[in-house]
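Open the model in a viewer and keep the sequence panel visible. The stops below are meant to be selected in order.

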Amino acid sequence: MSDNLLELDHVTMKFGGVTALDDVTFAIRRGEILGLIGPNGAGKTTCFNVVTGVYAATSGGVHFDGTSLAGLKRFQITKRGIARTFQNIRLFPDMTAVENVMVGADANHRTSVGGALLGLPRHHREEAEGRNTAMELLTFMGIADRAGDAARNLPYGYQRRLEIARALATKPQLLCLDEPAAGFTPAEKVELMDLIRKIRAQGYTVLLIEHDMSLVMGVTDRIVVLDFGKVIATGTPSEVQDNPAVVAAYLGVPDDDA
Amino acid sequence: MSLSESLRSVTSGSYSVSRLGEALAKQSRSVRWSFGAICILALYLLPWWPSVPVLGWIVETPGTSFPSVLTDQVVIFVLVALGLNVVVGLAGLLDLGYVGFYAVGAYTVAILSSQHANLPWLLCMPIAVLVSMIAGVILGTPTLRLRGDYLAIVTLGFGEIIRITANNVEWLGDSRGISNIATPPSIGPLKFTVLDAKPYYFLGFTTILIVIFLLRRLENSRVGRSWNAIREDEDAAELMGVDTFKFKLWAFAIGAAIGGLAGSLYAGKVQFINPNNFPLQLSILFLAAVVLGGAGNMWGAVVGGALVAWMPERFRGFADKRVFVFGVALVLVMVFRPQGLIPRKIRKERWLESWKPSTEADLGGKE
Amino acid sequence: MRDWLIYKTFWDLTVTGVALGSLYALVALGYTLVYGVLRLINFAHSEIFMIGTFASLITATNVLGVPMLEAGQYPYRTGFQLVLILLACLLGSMVLSGAGAVALERAAYRPLRGSGDQFGAVVLAFVTAFVVGLVFFDTPKSNLIFGIIGTGPIAWMYLNIFRRGRQAPRLAFLISAIGASTAITEAVAIWGPRDREQYQTPRVLEKKTLFQLFGTDIRIDYVIVIIGALLMTTALLLFVNRTRLGRGVRAVAQDVETAKILGVNVDFVILITFVLGGVMAGGAAMMFTLVYDQSKFNIGFLLGVKSFTAAVLGGIGNLKGALLGGLVLGLAENYGSALFGGEWKDVIAFVLLLVVLMFRPTGLLGESLSKARV
Amino acid sequence: MKKSTLLRASAIAVSLAFVAAACGSDSDSDSSAAEDTVASEVTEDTAATAAGVTCEPVSIAFFGALSGDNGNLGKNIRAGADLAVSEFNTANPDCQVGLVDFDSQGDPAQAPALAQEAIDDASILGIVGPAFSGESKAAIPLFDAAGLAIITPSATNADLNDNNWKVFHRALAGDDKQGPAIATYIQNTLAAAKVGVIDDATEYGKGLADIVRDTLGDTVVASDSIDPNAADFSAVVSKMKDAAPDTIFYGGYYAEAGKLAKQLRDAGVTATLVFGDGVKDNGFIEAAGPAADGSIITCTCADGASFAEFAAAYTAKFPGETPQTYGAEAYDAASAFLAAIAAGETDRAGVLEFLGTYDAAGVTKQIKWDETGEVAGNAVYAYKVEAGVISVIGLIE
């Protein structure tokens, strides 16, 4: 078995005439925190979308745990072990926090209409397991006090954490976080860094898109830098920091989002 | 409290219902159960309500027979609203052709018990439910990939196709319809005769209770959660591992099955159906019942279905103006209570209060 | 035998099909505009069309005094007089349909968007008071008086309880639309002078054959309908694509929030959208009475369903799609009816829709008003 | 807080008052409608002719659509029955008969509950209706089980009396009598070599058209259906234009017949148009205008001398209106029940028995029922539209 959990192999993604990803190749090793950075419009989220099956790559392939993800539906990819959060929060607003997480936990369950109607033992077992998983995750994320509230009524910070909890509930091997710190205060960002480290300590591999350089530098093991859909640098935070191409890219395109 | 605030609280006043619910929730299990049992018993006695003072004056339907209205309209509408609520309220799929499934159920019973065979109703009914379910799957498989309003117009077309086909195909009785449909078999003292609607009501009400019981199980399971997730955000649901197509198809099939069940009850009661029983407008009325009651809330669907069926009969005194009044009422209710009369509520997770962490936070992560 | 028949009557069917399709297209434009901007199936749009046919009837008979029959024959007019009558009817239809659409928007939809205003409150209050009046009185006049008296206080109350700033769920809009549609239809059926009977409109245009094409008579009324529809669609496209207001419509269609930030008055743009849809429906209504000389309280229902089908067929939210969808549907219905029998006309329309959506899930030309560039 | 409770209470009180008012007024209007007829007749009849019969308060019922899409047909039918009842009440001050309405909206789903209510009202001795075939099939089983006699003034479908209903009667001939007569007329009188047949895909229209098709056989060169709710019939018109028949029969009701006639003439089709009894209505003339001229309409009714009298009385009671489709049949149906009441029948069984022996000249024809409830005699008359007037041209042999 290779050391790499996820490999992007010469992935190109075109929308009409626009090339969003151009021959992107990089890999994520098991157990690491990989940062994916780049200026606005560099193709970071597109990259996420290709990995999670939202888009099918125009050419090139994505390999997860040694097998190709080509042709798999989105939910199948999730069940293989890739979970994600969204840049603009996409919770299920009218469901409670704990239900949101239980939807994620259901990815590992098999009860369907028949089992639920008949109240089969597996249904009860899975319900109990789902509740426990959900509550443990909410506790872990520090938001269990609002478990019974509708997601739409939660404060912003809680919503961001809830998304992570929901993604973790699918029991992924790879957790993809799309700008989890967007809109956070510096103090909250520090908390989030701790949280991400704790998640990794539990054995997860993390792919992190982030604008905030300090966060990325502080928490990641390695960084991939995208610009105009191309990988312009790969390496440890310090290596990347000194890379002139990266500096140029960031200086050239003012970062108006952070 | 200012005047306008109080006005607002009156229109948004789910207070009476929700307060009752809250008060009940605080009671012990035995109190809740006995309250439920009394309600169910009272509802079983519904055909006799018009002879109760005050209450009778409220519910009676002057100019038409109350027990027959209950069986021919109210029971059918409540069942249909429950089924459509699964599709529209839970899974968030806009279905404007639900009458098609109702028709499939009724026609299956009619064909098997009168037109082309003489099977007993008790045998026809499950077949009708199954056939409706299959119709749901057949319609759903190609169309559930469509989004939102495309689905609405396609289902509307499906309802019309069913009606027009029934109207023009001799084998289905064409415009003459099918008479002499079998009635349910007599059970002990319950005799299903032409002139007594009450046994049909007992049968219908029992069916409703069973359907509610089963739907509650679904709602409180992985299936119900998946439907809710799909309604809230289909993309996010799929990315969280929900097999959206499969669950949408299930919602469609279950909705269709309940519609077919309602159709088979109707056919067994009236013993005659023709295509005029299944106009496009009925689909719209069904949808109005669900949304008026409160889409996504089973109790809302029950209340909406019962109201939409009963109100026009209650206000027969308005004669030809009642349809106009109904239209105005729909607009007003939507303007001032857009979530319906009994809005969908955030589910209270009763187990949450007693939940204790079983072990130290263990995320089940990979080693 | 039927194949042979469709071959023999092909051009005949084509001409009538295109004419019918043009009417579908004009009504479909209204559905598509509103859908593009509000993502709402404006179910009551068919009633806007119905109002237009009655406006045309009233203009011709009550305003211009054209009789139904003159000495047992149609009251044909020619030359300048004819043009004047037709233009007056067109204007009447467009104005009344446009006004109807505005009232509909303000009363039945705007309060649901969380920005209910006086106008909507007054309309709703009047209808409420009128309905309450029905309980006590049995003559339209006393109902009307009661309605007017009750309007003031009820409107004040409504203004107080409008849920400002709260967007209702999309289903609520649909049901409100259905309610409005029912109420308008029934009001015409109950208080119209001929109740639920069919109305006739005076036939001022003699349906002469202008010329022959492939052995088929081309009648003047069909020519007017087809050219009229093309002109109106072109005008609408130019308006949406070339004017400032049109840009506003496209901006709101694309993204309401962004449009708001950019300073677009969203409520006004929505109003304009309804006016445009209403005017198109009014034009269609006038031409409808020109060809079929009739109206009825429920004349809009089936035509509305078909037009909405046409809008989806072409790609809802897409103006050119509405035109294409209307024409394709009109032709398909005519060919299909000839081939399989008139009783299957609606089945043909819906099966066509289903097949098209299987292969092109967003309609023939794809959706989105914002992308409807010339 | 206290204030708001008060407000709520008053709001509830107000809404209750509304409901009360609603219910109060509607029950008022019900009873007042019944009393109306009674009161007005009594005052009118100041001379109080001693003639007339005496009876307990009884009523007959009208069953059919009074609202909804088909409300018009029902209203016209009801008017005929209403006229018969008020004439009877004027003539018999000591025997006032009420007319109770059961508005089915033509919807078979509402019919059974209404039928049940009619059955539960012991004062109702007979039903004029049900108006349409569909609701008839849903409601008559109940009437049959209760032994409550019905006379339908308008449901003509041939298979209605296949069910051995003993309460079933109709005041007009079924389609199985009219259909062959239409075919005979087309074949013999019009001597048509090529016939086109169109129907509206409803029970009535298609039922009649199918009988015509079967009887005419090979002379039918073109055949099609229309959707009566549609406005445009151009596909059918094209077909007829192409087949160029000399006669076109349309099975359906008057409104669509008018539209169809107009569109056929506009397209240059010159064939003679033939219609069934559902078109014998001024609404057809209004809808078709000059296109109606020369059309043939058949009916199992004869506009004899008594019809003119009926029409005059009708206009006197409903100013500005003339009898419409099936109004005269409803008058005859109600008259049969009133005759039973006048003969002293006081219960349903008696009325039913009386109808079996009833034999009297009606407005439309001699009314006498055979044992299946079909009106005896096969007379079908042809009418012609000339200059906007429908007038009888003779009996179809």
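The tour goes from the domains of one chain to its strands and then to the chain contact.

This is a predicted model, in which local features need pLDDT of at least 70 and side-chain atom pairs count only at pLDDT 80 or more, while totals for chains, interfaces and linings use all residues. Residues are numbered from 1 along each chain as its sequence is written, and chains are lettered from A and ligands numbered from 1 in the order in which they are written.

**Domains of chain A**

Colour 1-81 + 172-258 of chain A as domain 1 and 93-163 as domain 2; these bounds come from an automatic or database domain assignment. The C-alpha centres of domain 1 and domain 2 of chain A are 27 Å apart. Their contact takes 6 residues from domain 1 of chain A and 4 residues from domain 2 of chain A (contact: C-beta atoms, placed from the backbone, within 7 Å).

**The open sheet**

Next, select β2, β1, β4 and β5 of chain A, which in that order form an open antiparallel sheet of 4 strands. Helices (H or I, at least four residues) and strands (E, at least two) are DSSP runs, numbered from the N terminus, and two strands pair if DSSP finds at least two bridges between them. β2 (18-29) and β5 (67-68) of chain A are the edge strands; each has a single partner strand, so one side of each lacks a neighbour in the sheet. Show β1 (residues 4-15) of chain A, which is joined to β2(A) by 8 antiparallel bridges; one bridge partner to label is A27(A) in β2(A), opposite E7(A).

Add α1 (residues 44-51) of chain A, which lies across β1, β2 and β4 (59-64) and runs at about 65° to β2(A). That angle is between N-to-C directions, on a scale from 0 to 180 degrees, with axes fitted to C-alpha atoms, for helices over the stretch in contact.

**A covered strand**

Move to β3 (residues 33-37) of chain A, where 5 of 5 residues are buried (20 or more other C-beta atoms within 10 Å of the residue's own, C-beta atoms being placed from the backbone). I33(A), G35(A) and I37(A) point one way, L34(A) and L36(A) the other.

β3(A) pairs in parallel with β8 (residues 205-209) of chain A over 4 bridges, and L36(A) has I209(A) as its bridge partner there. Another 4 bridges join β3(A) to β9 (residues 222-227) of chain A, also parallel, with I37(A) opposite V225(A).

**Chain A against chain B**

Finally, show both chains: 48 residues of chain A contact 38 residues of chain B. On the chain A side, α5(A) gives the most, with 10 residues.

Note on methods
Contact = placed C-beta atoms within 7 Å. Buried ≥ 20, exposed ≤ 12 C-beta atoms within 10 Å, placed from the backbone.
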